[in-house]
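I opened the notebook today to record what I looked up in one model, going from the sheet to a helix and then to two loop positions.

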Amino acid sequence: MTFQVLIKFFSTKLYLYSSLLTVIIFSFFTSELIAQEKQKVNYKHLTYIPKSYHLDTAKYPLVIYLHGGSQKGNDLEKLKVYGLPYLVDKGKDFDFVMVAPQCPDGIYWSTENWFDSLYDEVTANYRIDKSRVYVTGISMGGYGTYVAALDHPEKIAAIVPLCGGVNDGDTTRICTLKDIPILTYHGTADNEISIRETERIVDFLNKCKGNIIFHRITGEGHGIQYLYETEPWIYEWLLKQRKPTNVN
């Protein structure tokens, strides 16, 4: 290889790395601006406290659970149909504080900034390990999980979106998620939210060297909420993830 070819090779590499870095930095600051522009609101929510919480003085991880579209409204009992609220209602004990907000009718998780109010309330009233704040959700809640991480990457340690995706307008921000561990599932036969929605997120994150584990569930449709009950590895994986200890 000649000297001129070497110079051209390394110049090209440097240009690609600098371009990628520019995209990542731009995505991060764009995400902060988008979160600030949304109306800050308080959503009604269910709160679950582990049985051991009052037996010690330790700080606990926080898992925020986001429901799907059929649980919208003003009735928290609707959240207990499936997912984490269902399991808690049936007596399941978890090693983390779980909060399940309810999205009002007529809007989506991406419409308003519900996250900051919820985060501030829960971290003020409970002993929460701020380096271990997680978000998970299914269907519309899967979209909401990605949006929460896109808007608040500095606070969220990891996410588990089930059969979700991102809106077309948010694809330019996907590299904001590169340092957030992601565990995601999607059925190959999902006729409500195409598996392509998850695949394009994976494609973007692979380009900016993100950290995503993607499970394609062969032959499965949209109703994969059973994973919250049958896949305890989801929680084991989540609780291993941490943000730097200087999270505010």
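The entries below follow the order in which I looked things up.

**Entry 1, the sheet.** I kept in mind that this is a predicted model. I looked up the strand order first and found an open sheet of 7 strands, arranged E1-E3-E2-E4-E5-E6-E7 with mixed pairing. At the edges I noted strand E1 (45-48) and strand E7 (212-217), each of which has a single partner strand, so one side of each is left without a neighbour in the sheet. For the twist I noted that neighbouring strands are turned by 15° against each other on average, with direction ignored.

**Entry 2, the pairing around E4 and E5.** I then went through the bridges, and found strand E2 (residues 60-66) running parallel to E4, joined to it by 6 bridges, with Tyr-65 having Thr-136 of E4 as its bridge partner. E4 also runs parallel to E5, through 5 bridges, and here I saw Val-135 opposite Ile-159 in E5. Between these two strands the chain passes from E4 through H4 to E5, a β-α-β crossover that is right-handed. Further along, 2 bridges join E5 to E6, again in a parallel arrangement, and Leu-162 has Tyr-185 in E6 as its bridge partner.

**Entry 3, helix H4.** I found H4 packed on the sheet, where it touches E2, E4, E5 and E6, while its direction makes about 145° with that of E4. I checked its length next: at 1.5 Å a residue, the 12 residues of H4 (residues 140-151) should span 16 Å, and the end C-alpha atoms are indeed 16 Å apart, which agrees.

**Entry 4, burial.** How many residues of H4 are buried? I counted 12 of the 12, so the helix is largely enclosed by the rest of the structure; among them are Met-140, Tyr-143, Tyr-146 and Asp-151. For E4 I found 10 of the 11 residues buried, so this strand too is largely enclosed by the rest of the structure.

**Entry 5, positive phi values.** Which residues other than glycine have a positive phi? I noted Ser-139, with phi near 60°, in the loop between strand E4 (128-138) and H4. I also noted Cys-163, with a phi of about 40°, in the loop between strand E5 (158-162) and strand E6 (182-187). Taking buried as under 20% relative accessible area, I entered Ser-139 as buried at 15% and Cys-163 as buried at 0%.

Technical notes:
Residues are numbered from 1 along each chain as its sequence is written. This is a predicted model: local features need pLDDT of at least 70, side-chain atom pairs count only at pLDDT 80 or more; totals for chains, interfaces and linings use all residues. Side-chain values use heavy atoms; hydrogens and water are left out. The expected span of a helix is 1.5 Å times one less than its number of residues. Buried means under 20% relative accessible area, exposed over 50%, partly exposed in between (1.4 Å probe, protein chains only). Two strands pair if DSSP finds at least two bridges between them. A crossover is right-handed if, with the strands pointing away from the viewer, the path from the first strand over the helix to the second runs clockwise. Axes are lines fitted to C-alpha atoms, for helices over the stretch in contact, and angles run from 0 to 180 degrees between N-to-C directions. Contact means heavy atoms within 4.5 Å.
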